[in-house]
There are 2 protein chains.
Amino acid sequence: MRTAICDMLGIDIPVLAFSHCRDVVAAVTNAGGFGVLGASSHTPEQLDRELAWIDDHVHGRPYGADILMPEKFEGKGQGLDARDLADRVPAGHREFVRELLARNGVQAAPDGPVRALVGDELNAQLLDVALAHPIKLIANALGVPPRSMIDRAHAAGIPVAALVGAKEHAVRQVAAGVDVIVAQGTEAGGHCGEVTTMVLVPEVIEAVHPVPVLAAGGIVTGRQVAASIALGAAGAWTGSVWLTTEEAETAPHTVRKMLAASSRDTVRSAGRTGKPSRQLRSAWTEAWDAPGAPGPLPMPLQSMLTEPALRRLDVLAEGGHAGAQELATYWVGQGVGLMGKVRPAREVVREMAEDLLEAAERLNAALGE
Amino acid sequence: MRTAICDMLGIDIPVLAFSHCRDVVAAVTNAGGFGVLGASSHTPEQLDRELAWIDDHVHGRPYGADILMPEKFEGKGQGLDARDLADRVPAGHREFVRELLARNGVQAAPDGPVRALVGDELNAQLLDVALAHPIKLIANALGVPPRSMIDRAHAAGIPVAALVGAKEHAVRQVAAGVDVIVAQGTEAGGHCGEVTTMVLVPEVIEAVHPVPVLAAGGIVTGRQVAASIALGAAGAWTGSVWLTTEEAETAPHTVRKMLAASSRDTVRSAGRTGKPSRQLRSAWTEAWDAPGAPGPLPMPLQSMLTEPALRRLDVLAEGGHAGAQELATYWVGQGVGLMGKVRPAREVVREMAEDLLEAAERLNAALGE
């Protein structure tokens, strides 16, 4: 197959796969797609290990890295450390989490090491690590990336992609020098805007032509990749579909929830990171979205509050704890309604390619060609 | 072009156009598509006149009618008249509207004739009228249509279509005997669910195969029709795009708002009809969605309360009343962001057909075919 993104990245099928799991990244890349490692939950040392592992497994085939560098976050430019940030989490918010857990029979997690999941210095370190590996694309979300990121990537000959949820944001990204726009609809798992993929993709394409645009949000099948190309996209950016592959490290209890979920079992809520992100609806999301719940904190404070609790819930849920099972959630898009079984990632890529071809034949048949 | 819906309805391009305006219905039908008159705001006498006018203008070409028959509404089966229903609108709700209008410098409308916009008897009368004309499809929304509607349509050889916003609803519709499912995403103007077109369409197709499914929600261009067919749909059901055609009777002030709107200028709110429906965001929708606003009333009470006020606002807005302009709104989908100018409906159909062909060529080129 040949689209602008196939040519730019040297791939056979115009499907990019975002995953926090190195095994998924390598499997998709080896199957002819393009794996993108979500690097933001890693320390620089962890990221270096993960990328080295990928290098060992993809034999020179192309892959990329995604470093979340929010344009706005608490303490930006103030040189704060994680401890300073943790002190900014209000006591009322901590109490809300403690009570929510207690109501469901879960003791709050003991205080672990405090980490900020975003920050100027951390971002710079992650970028250093990523650029020391043979990545072929660097992606970013939540605003225009720092000038230094774009300049350093370009100096290394690496195109920069940015995820956006609105046409106006795409225009700003292109003006800042971004090379690929990922137009991500509201149906996407994780951070997302309000506009749907079906509308956002043509709207963004019209606004930033001729910059290549990838369609994202809800895309878990080849027919949706075909639809994306029909809309004018250069390919698709996917995420949710890899969460239920054999290679994924998704908590087994969460995988079972996802396989059973319909497209109506997700919710766009700010209660996890401080910005609206789509995830499985659960007692946790319901509590944060209920009247009287404390408003979400700015990034990264909300995540510093919630991630330790949610990781603990995953462990307890897996052990059969009923309250933890009610609360457990994870980012996933509405496409979860089309995800019915666990498969190897390479098989998902192969089925996408077949389904894409069938979709094109269907369209040709309809047009009498 | 040949899809299941082209064959079923005898049309050249698989695009159905929902409109309250007879001129749009006739223009789309005459251009090779399929116009569907939204009949629910008409009295039986008005509907008869409108359909007779269409009959005179389409020269036997196929068109349809859409009668909104909500499965649940206030007073269903109780034989209430409009006056009885009007008495069920709480004084607090009336006061909320009066105050909202007054805050924006608008006097409440004088009491006009009271009409219920849905009801058992009205529905039966509208169905009688529709079936007395040579319609080729009858459509319904907001739940499974009454058994009598399906039976009478089938006895007359007329297929029945139903709009749904969730897979589970599609399955119920097919079990009840409905012949065509319109899978309408959350980006649609008017009543809509939460799942987006990109996800809902393949989900519904999988659930009701081989019943033909039309994609709806956000579709205003031919490339989106192509995407729909790639997803497996038999064609597209459209609505918003016709609101800014030359033939439409949309209030001119509202047309200007629509042409200026981006995809982010709509909101899904229950404040107009009592059920969530997508419309232009305005001071009116903000007020109904604000904390402390009265909860929406069941159908048809909310519409009985709001429609007279909104019609008055349209008139005042057109006359230059600033407060009315702030408040004025109308149903439209996120596709409004792709609607940039007023054109004749036949030109929209022609451009859709061209754009659809280009999209198919784009997909073929990507696949190297």
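Contact here means heavy atoms within 4.5 Å. By that rule, 47 residues of chain B are in contact with 47 residues of chain A. The model is a predicted one.

Start with the interface as a whole. The size of an interface is often given as the accessible area lost when the parts come together. Chain B and chain A bury about 4,100 Å² between them. Carbon and sulfur atoms account for 62% of that area. Which three residues of chain B supply more of its buried area than any other three? They are Met198(B), Arg264(B) and Leu363(B). Together they supply 16% of the area that chain B buries against chain A.

Now turn to how the copies are arranged. Two copies of a chain are related by a rotation about an axis and a shift along it. Here the turn is 180° and the shift along the axis is 0.0 Å. With that operation, chain B can be laid on chain A with an RMSD of 0.0 Å. The two copies are therefore related as by a two-fold rotation axis. Both copies use the same surface: 100% of the contact residues of chain B recur in chain A. Which residue of chain B comes closest to the rotation axis? It is Ala227(B), whose C-alpha lies at 2.0 Å.

Next, look at one pair of helices across the interface. Helix H10 of chain A spans residues 222-230, and helix H9 of chain B spans residues 197-208. Their axes are 11 Å apart, and the helices pack at an angle of about 135°. Angles over 145 degrees would count as roughly antiparallel, and 65 to 115 as roughly perpendicular. H10(A) is therefore oblique to H9(B). The crossing of the two is right-handed. H10(A) brings Arg223(A), Gln224(A), Ala227(A) and Ser228(A) to the contact. H9(B) brings Met198(B), Val199(B) and Pro202(B). By class, four of these residues are nonpolar, two are polar and one is charged. Met198(B) thus appears in this helix contact and among the three residues named above for buried area.

Last comes a pair of helices inside chain A. Helix H11(A) covers residues 252-260, and helix H13(A) covers residues 301-318. Their axes come within 8 Å and cross at roughly 80°. H11(A) and H13(A) are therefore roughly perpendicular to each other. On the H11(A) side, the contact is made by Pro252(A), His253(A), Thr254(A) and Arg256(A). On the H13(A) side, Asp314(A), Ala317(A) and Glu318(A) take part. This contact has two nonpolar, two polar and three charged residues.

Definitions and conventions. Residues numbered from 1 in each chain as written. Chains lettered and ligands numbered in written order. Predicted model: local features only at pLDDT ≥ 70, side-chain atom pairs only at ≥ 80, totals over all residues. Heavy atoms only, no water. Axes fitted to C-alpha atoms, helices over the stretch in contact; angles between N-to-C directions. Helix = DSSP H or I, 4+ residues; strand = E, 2+ residues; numbered from the N terminus. Parallel < 35°, antiparallel > 145°, perpendicular 65-115°, else oblique. Left-handed = near helix turned anticlockwise from the far one by under 90°. Nonpolar A, V, L, I, M, F, W, Y, C, P; charged D, E, K, R; others polar. Least-squares fit on C-alpha atoms with pLDDT ≥ 70 in both. Buried area = accessible area lost by both parts, 1.4 Å probe.
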